[in-house]
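Grab your viewer and let's work through a few exercises. Each one sets a task and then solves it step by step.

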Amino acid sequence: MATVKIRYKEKQYEYEKGTNLLDVSKNFQREYKDNIIVATINNRLVSLDSKLNKNADVEFYDVFSLLGSKTYIRGLYFLFIKAVRDVLNVDVKLMYFVDKGVYCEILTNNLISEVTVEKIKIRMREIVDAAMPINKIMVSRLDAIDYFTKVNQIDKAQSLRFISNSTISLYKLDDTLDYFYGILPCNTRYLDRFNVKYLKENKVILLPPVTFLPDEKLRYEKTDKLIDEVERQSKYLENISINTSVELNKTISTGLYDDVIRISESISNNQLFEIIERITKSKDVKMILITGPTSSGKTTTSKKIGLFLRSKGFDPIPISVDDFYTDMKDRVLDENGKPEIERIDAFDTNQFNKKVSELLNGKEVILPTYDFILGKQIFNEKDKVKMKERSILIVEGIHAFNEKLTEMIPEKNKFKLFICPLTPLNIDNHNLFKATDNRLLRRIVRDNKTRGASASDTLKMWKKVRKVEEEMIFPYMKEADAILNTSLVYELGVLKTYAEPLLFSVLEDDENYEDALRIINIFRVILGIPSDMVPQDSILREFIGGSCFKD
């Protein structure tokens, strides 16, 4: 009997050649908090139905790991698409990630109802209980294009025209074929946690388990402002006839991308002008609180708000929450015994409340500047400020919405602005480009340019960043007076020219290789755009360099 040896967590094990990873995973399931759903062989992500044919390093990932979660979500998409077709015989369009779920449109001319959604959920549950296999099959790319054209999935057929591979892998679930950018679970039985909530007309929210909050219930707490912003973005895309990467690629390939850049930047500025109009019409607002997840463009947005306020005769006074860090020697310790840098406890909220209250009461105060090298606040006479009649404070930071920070300030004096790229551009109706990936790419480019960090360095710390965001930033989004989408319809084309070479530096033996490869594969269907035409005041300049806004 021929055998192969695998190394798993520094230990060697021997199995019969041809054993599949699903059987192997059962020996180690007890080591994981949740179901093992996917594996890597020599750092290459593979489905659990893959067979061991040679000696290899093997790792397993459960549903709540980063790689496992992405595998689960892709599988859930397929399950949802299949169930909708079985119940209604129509297709679906996956549109945006919102409120820990995916905003979807069911593509039917007949209005659906909550009863319809319940039928879809029942069918999804039936497919899960039946433990249907999800098989990967290799086909000619041209045959795949022909197939998707025949079944009227023109969006997918057109997107595949921008892939140069002669063969591609399709996934088959019962009688349904589809194409996804990444590995899927080998079986529907893994997809046992989900929810689908009816919104209105033909719109629903598909809810997967939350990667960084495994105990989170699959509830949907609707944020009307976010939904309104999502729908407004969809309208913008319809107006400029760019709904997927296919339409953007057609524009790029004809050399007419400069107009798309100008239009996208105009839309972005107009949105911000509308918010400034709301703020300046209120006699009570004396403080704009700006927050959002990392790489949302908070710095550029804050600077633009200051300019727009000045153009309307107001006196903006910028305040960074980071300047109110407590001295390093007095800092509370995190779970690793190191000084806390993320949580609200790391900030002197009493001092912030006192300083801002004094400013609002007409007093002159010295604002601190935090010296990150010395690890303490510095007070300088040149930082003395006093509010005038038309002064407005612009407060920016990840904890700007936290009540502890401004508990002494009357609510009527606050305007809360939540900013985040919603990434309106998708690859096709079934493949989203996630807003988190959009921000990750921005961060990779900026970290490399300003800190010399590699793509692997940024990928390595991304899971911790995301966990902090889900715990400390996104829960406050529902308190926002306005939500600003900071993504630009053309930006993935520009980011590709900067980020793709950096992603190729992540080698096969790197723990982050698979995540880098996933994004590289998505970039295959997005044409690059030169950055020459990107305005100096664009949010994108905050990440690629060349911004006119200086600290």
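A disulfide here is a pair of cysteine sulfur atoms within 2.5 Å. The model is a predicted one, where local features need pLDDT of at least 70, side-chain atom pairs count only at pLDDT 80 or more, and totals for chains, interfaces and linings use all residues. Residues are numbered from 1 along each chain as its sequence is written, and side-chain values use heavy atoms, with hydrogens and water left out.

**Exercise 1. Cysteines**

Task: work out how many disulfides the rule gives, and check where Cys420 stands.

Solution. Start with the count: the rule gives 0 disulfides. Next, look at Cys420: the nearest cysteine sulfur is that of Cys104, 18 Å away, and Cys420 is in no disulfide. Then check accessibility, with buried meaning under 20% relative accessible area, exposed over 50%, and partly exposed in between (1.4 Å probe, protein chains only). Cys420 has a relative accessible area of 8%, so it is buried. Cys548 comes out at 40%, which makes it partly exposed.

**Exercise 2. The parallel sheet**

Task: trace the strand order of the open sheet of 5 strands, then find the helices that pack against its strands.

Solution. First, the terms. Helices (H or I, at least four residues) and strands (E, at least two) are DSSP runs, numbered from the N terminus, and two strands pair if DSSP finds at least two bridges between them.

Step one: the order reads β14-β19-β13-β20-β21, with parallel pairing. At the edges sit β14 (315-320) and β21 (482-485), each pairing on one side only. From one strand to the next, the twist averages 25°; angles run from 0 to 180 degrees between N-to-C directions, and axes are lines fitted to C-alpha atoms, for helices over the stretch in contact.

Step two: zoom in on a pair. β13 (residues 287-291) and β19 (residues 391-396) are joined in the parallel sense by 4 bridges, and Ile288 stands opposite Ile394 in β19.

Step three: add the helices, taking contact as heavy atoms within 4.5 Å. Helix α8 (residues 257-281) packs on the sheet and touches β13, β19, β20 (414-420) and β21, with its direction at about 160° to that of β21. Helix α10 (residues 349-360) lies across β13, β14 and β19, and runs at about 165° to β19.

**Exercise 3. The antiparallel sheet and Asp178**

Task: lay out the open sheet of 3 strands, then describe the surroundings of Asp178 in strand β10.

Solution. Step one: the order is β8-β9-β10, paired antiparallel. β8 (134-140) and β10 (176-178) each have a single partner strand, so one side of each has no neighbour in the sheet. Here the twist averages 35° from one strand to the next.

Step two: β9 (residues 167-173) and β10 pair over 3 bridges, and Leu173 has Thr176 in β10 as its bridge partner. Helix α2 (residues 66-88) packs on this sheet, touching β8, β9 and β10, at about 140° to the direction of β10. Helix α4 (residues 141-150) touches β8, β9 and β10 too, with a direction about 110° from that of β8.

Step three: Asp178 has 0% relative accessibility, so it counts as buried. For its partners, a polar contact is a pair of N or O atoms within 3.5 Å; within protein, one must be able to donate a hydrogen and the other to accept it, and residues adjacent in sequence count only if both atoms are side-chain atoms. The side chain of Asp178 makes such contacts with the side chains of Lys156 at 3.0 Å and His430 at 2.8 Å. Leaving out residues up to four places away in sequence, Asp178 also touches others, including Phe78, Ile81 and Phe148.

**Exercise 4. Asn426 and strand β6**

Task: is Asn426 buried or exposed, and which backbone oxygens does its side chain reach?

Solution. Asn426 sits in the loop between β20 and α11 (435-451). At 7% relative accessibility, Asn426 is buried. Its side chain reaches the backbone oxygen of Leu94 at 3.4 Å and that of Met95 at 2.8 Å.

Now look at β6 (residues 91-98), where 7 of the 8 residues are buried. β6 runs antiparallel to β7 (residues 101-107), joined by 7 bridges, with Asp91 opposite Leu107. Finally, Asn426 and Ser245 are 181 residues apart along the chain, yet their C-alpha atoms are separated by 6.1 Å.
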